[in-house]
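Reader: I would like to learn how to read a model with several chains. Could you walk me through it?

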Amino acid sequence: MNFLKSTLSRKNLMALTGLFLCFFLVIHLLGNLQLLLPADRAAESFNYYSNLLSGNIFIKIISYVLYFSLIAHAADALYITLRNKRTTVKYAYDNRKQASKWYSRNMGILGTILLIFLVIHFKDFWYVYKFGVIPYDKNGNKDLYVIVVHAFKSWWYVLIYILSMFALGFHLLHGFKSAVRTLGLYHPGYAAFVQKFGMIYSYVITIGFAVIPVYVHLTQFGLWN
Amino acid sequence: MRVHLKIWRQKDAGTAGKLMDYELDNVDNHMSFLEMMDTLNEQLILKGEMPVEFDHDCREGICGTCGMMINGQAHGPVPGLTACQLHMREFEDGATIYVEPFRAAAFPVKRDLKVDRSAFDRIIQAGGFITASTGQPAEANTILITHETAESAFDSAACIGCGACVATCKNSSAALFTSAKIAHLAKIPQGEKEAAKRVLKMVSRMDEEGFGHCSNTEACEVECPQGISVLNIARMNWEYTKANLLKD
Amino acid sequence: MELDAKIPEGPLEKKWSNYKAQAKLVNPANRKKLPVIVVGTGLAGSSAAASLAEQGYPVYSFCFQDSARRAHSVAAQGGVNAAKNYQNDGDSVYRMFYDTLKGGDFRAREANVYRLAECSLNLIDQAVAQGVPFAREYGGYLSNRSFGGVQVSRTFYARGQTGQQLLLGAYQALMRQVAAGKVDLYSRHEMLDLVVIDGKAKGIIARNLDTGAIERFAAEAVVIATGGFGKIYYLSTLAMGCNGSAIWRAHKRGALMACPSWTQIHPTCLPQAGDYQSKLTLMSESLRNDGRIWVPKLANEERQANDIPEEERDYYLERRYPSFGNLAPRDISSRAAKERIDAGFGVGAQRNAVYLDFSKAIQEQGKDKVKEKYGNLFSMYKKITADDAYTAPMKISPAAHFSMGGLWVDYELMTTIPGLFAIGEANFGDHGANRLGANSLLQACVDGYFILPYTLANYLSGELKKERLTIHHPQFELVEKEVTGQLERLCQINGTKTTDYFHKQLGKLLYDQCGLSRSEAGLKAAIKGIQVLREEFYKDLIVPGTQGEINAELEKAGRVADYLEIAELMCNDALSRKESCGAHFREEYQTAEGEALRDDENYCYVSAWEWKGENTAPVLHPEPLVFEFIKLSVRSYS
């Protein structure tokens, strides 16, 4: 299968998995935005939503695609990075950074930060929800809301989230556009549109996700309580 | 003006190289960068030292022979220029200037600043042409090509094959070079016929030559003396996927 | 020696088809037994190598550059002529033939020039099929522009990079044959001598420039396509590596050189800024379509161009040549510029330039239109000079550009050594004493794609039954020894002056005495000067390093050693031609108005020179030019 080994196909895999993750982030954010509702309504709505997701067969399939995408995206990135190590030679004096954005050159580092974040994130919520002991709310849904709120009690945990979301933001800022290019959108007009769209998308996702822990922390434990 | 040069000296591909220091004080700011190098070499020869070997030929920015990293940037600090078009007026009196060869695993150093870019030729050999033997073609106006298509094909075809895109790429990817030829020929009706075969062969050859992945950082477009657009890379990607999906 | 141009019988328009109908062919199965060497990968070399390989001949192709794509054809800007008459403005093969012949001041063969115009039609078809993105009208038809020396629009162009695009077409055709295993391409190889066995060209000695190794190659025919030697002037529009070595070594092995002094000095180049200058960049002649050339009416004018009012500007080309104006042919434009500069009206810091002004075109057509037509030239101008030509006129000046002279060839493009062919700028060609703009790309392509493949077969068919010689023949041994001996000699002089020093001295001498205008006294002095310089060269040259390694200085030294000999022949050639024609302007032979005074009675011939050995005078063999179909006229552009 020469086709699958080629540099372009490997990048296509990165692009497809990356774009799926982008799509997933939208669903995830829409769910999380419920946390911005007044506390009692937020709890009810968020827990109902979480329960809905875990029961639905359609969502199940999506979640398997999600797991695959995450692993494939990371593994492929590792493969590509290792191969590129062999194709390059170091300069004694290097000022090439003038020619491109820092985040476009450091997708690997941003991605690694995101991977570490995901481990924490999965451990604290996904694992707890799936395999942990968890109280039920008055509607009989697992009370994930309590867990979430509790997690954002400490300011350093909130800080980790915010920093990770910025890493995500920069990762998306390059990743979204890059993925669409890799898939072959070459028309100058549409390419320019996608670039703008990708920028707005990245800002929305970053701010959306970053605001939630801050809001929860401030309203439940901080100044606004 | 006076410049302090730190130039990469390397005997051959098998020997380790290093930066060496040179002082040059009779530099005129209207000199081109390569004329400054000529002046240095003249002095080295008269001192009985070996001059710095560097690639150059037309000295008007079109042959693509010259290419070096000047202060860590491909073809130097001014975008859109080849090294031969760079002039000393871009540097300050007393400046320290680093000069290194273009680097990539696929571009081994031959000596000093001279590198082997024959991998580019082999990528073209793999399919960067239209199969039209001498004597076969029909009257030129038989197939119409709109003004816009011709201009856009020209934009892709303007590549001079200097290798700055590879040198400036963090992955040493030859995507811009390869895609420019693929896009040029795919855009016009004469080249469209064998577009699928062409893209498969050229990409596979590009990979075999040991160039890296394209990460779309777009540094190549910035450093390209001809301003070849990164959208050519997107075009190559599209042609490649299409060719694979529709392959018999 | 009686020179036979082998012009076919018949009426002018039938000569080439008659030739093709009668030329001998080689059976496809036999072609693979007849290897051919092609030296040079410019338009002529690449197109010839690719076309021959397509026919089935094994081809060895050579270039000194690191890639075939870098040959200096790549730098041609303006366009390529073809008598398609797409513009319906009265063009025809005959008109193009006449324009070219007249442009060359009636110093070329009728039959050759007619063939050039005839084959121009196919060339455009060929190039378009290869994917050359020529300029197009909105509806999709090919577009044309006009060029100097003609009154029709027959020039096809790809912005200001026509040479690049045509070369890439030929290069890609060549690469296709390399991939098919039919061409062995030796880049970074420089031909250093020709091997002649039993009077026929049978191979070459080349130096691998990356290792210094001397290598032998045997073949049944050798094609030289190494371009012109205008770099002999040091300051020229040519690439640094352009050289006359291949043709000169062939000359010393018995091939005659024709009219070597006919060098075109291009009128629109960037002026010299200082002693360190290594090259004069050409700005395409197409700029003269919309640009107006002028100098101040006041000598030693101090004001900036834009501060000089209209009535104080001297549009000297429009004044002297009202019907052609700024589109007067190159030799005439260059000479007119030199006349103004020498008279003290030059502009710029060194007072060595004239203005090329676009303000009228910008006013009439708008900046956008001008930008679309010449944008890349304007940006190139800015890159080099840091000046903006949209707001102030360009400063331009003449510079050595094209060698009309070269190896003497007959109608079959074969030199006086059987089996040795010369194509493109390397031969004495179809341009006579002056080449029209956009005809050089044409000639190179036509020679390589459409002429050589026929004429070479005609020769090779006779070689089929002969014994195949190998590189182990004693003559190869001998020539190789001479080559290494010469390289050794250059490396061991160990003097105090670099190659560039000698090249610059030679260039200046030649430009002053054998450039835009020549005189008997000047040429005689130049010959003495060259001899002295040559002696000094072999006494006081310094070449660092050895011959067994990468050594750019040794490459240069070898080329300059040849230039020092070519220069003398150029001066002898210019001295012997006691008339003015085209680019060859002898001060003693001019009209009262300062125009060239041709002497058809005594000098209507091609001067072919024979090498008689070092320090021996070369021998002139005139080939009379017979005009059967046209009447010679005074070449007037006023």
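Reader: Let me start with chain A and chain C: how far apart do their closest C-alpha atoms lie?

Author: Happy to help, and please keep in mind that this is a predicted model. The closest C-alpha atoms of chain A and chain C lie 19 Å apart, and no contact joins these chains. Two pairs of chains are in contact, and chains B and C share the most contacts.

Reader: Which domains is chain C divided into?

Author: Domain 1 of chain C covers 268-399, and domain 2 covers 474-615. Their C-alpha centres lie 31 Å apart.

Reader: And how should I judge where the two domains meet?

Author: The size of an interface is often given as the accessible area lost when the parts come together. Here domain 1 and domain 2 of chain C bury about 730 Å² between them, with 51% of it on carbon and sulfur atoms. On the domain 1 side, C:Asp331, C:Arg335 and C:Lys338 lose the most area to domain 2, together 55% of what that side buries. In terms of contacts, nine residues of domain 1 of chain C touch eleven residues of domain 2 of chain C.

Reader: Turning to chain B, how many helices and strands are there?

Author: Chain B holds nine helices and seven strands, and its C-alpha atoms fill a box of roughly 65 × 35 × 35 Å along the principal axes. Of its 248 residues, 67% are buried.

Reader: What about charge in chain B?

Author: Chain B carries 34 negative and 25 positive side chains, and the centres of these two sets are 7 Å apart.

Note on methods: Residues are numbered from 1 along each chain as its sequence is written. Chains are lettered from A and ligands numbered from 1 in the order in which they are written. This is a predicted model: local features need pLDDT of at least 70, side-chain atom pairs count only at pLDDT 80 or more; totals for chains, interfaces and linings use all residues. Side-chain values use heavy atoms; hydrogens and water are left out. Helices (H or I, at least four residues) and strands (E, at least two) are DSSP runs, numbered from the N terminus. Buried means under 20% relative accessible area, exposed over 50%, partly exposed in between (1.4 Å probe, protein chains only). Lys and Arg count as positive and Asp and Glu as negative; His and the chain ends are not counted. The place of a charge is taken as NZ of Lys, CZ of Arg, CG of Asp or CD of Glu. Contact means heavy atoms within 4.5 Å. Domain bounds come from an automatic or database domain assignment. Buried area is the accessible area (1.4 Å probe) that two parts lose on being put together, summed over both.
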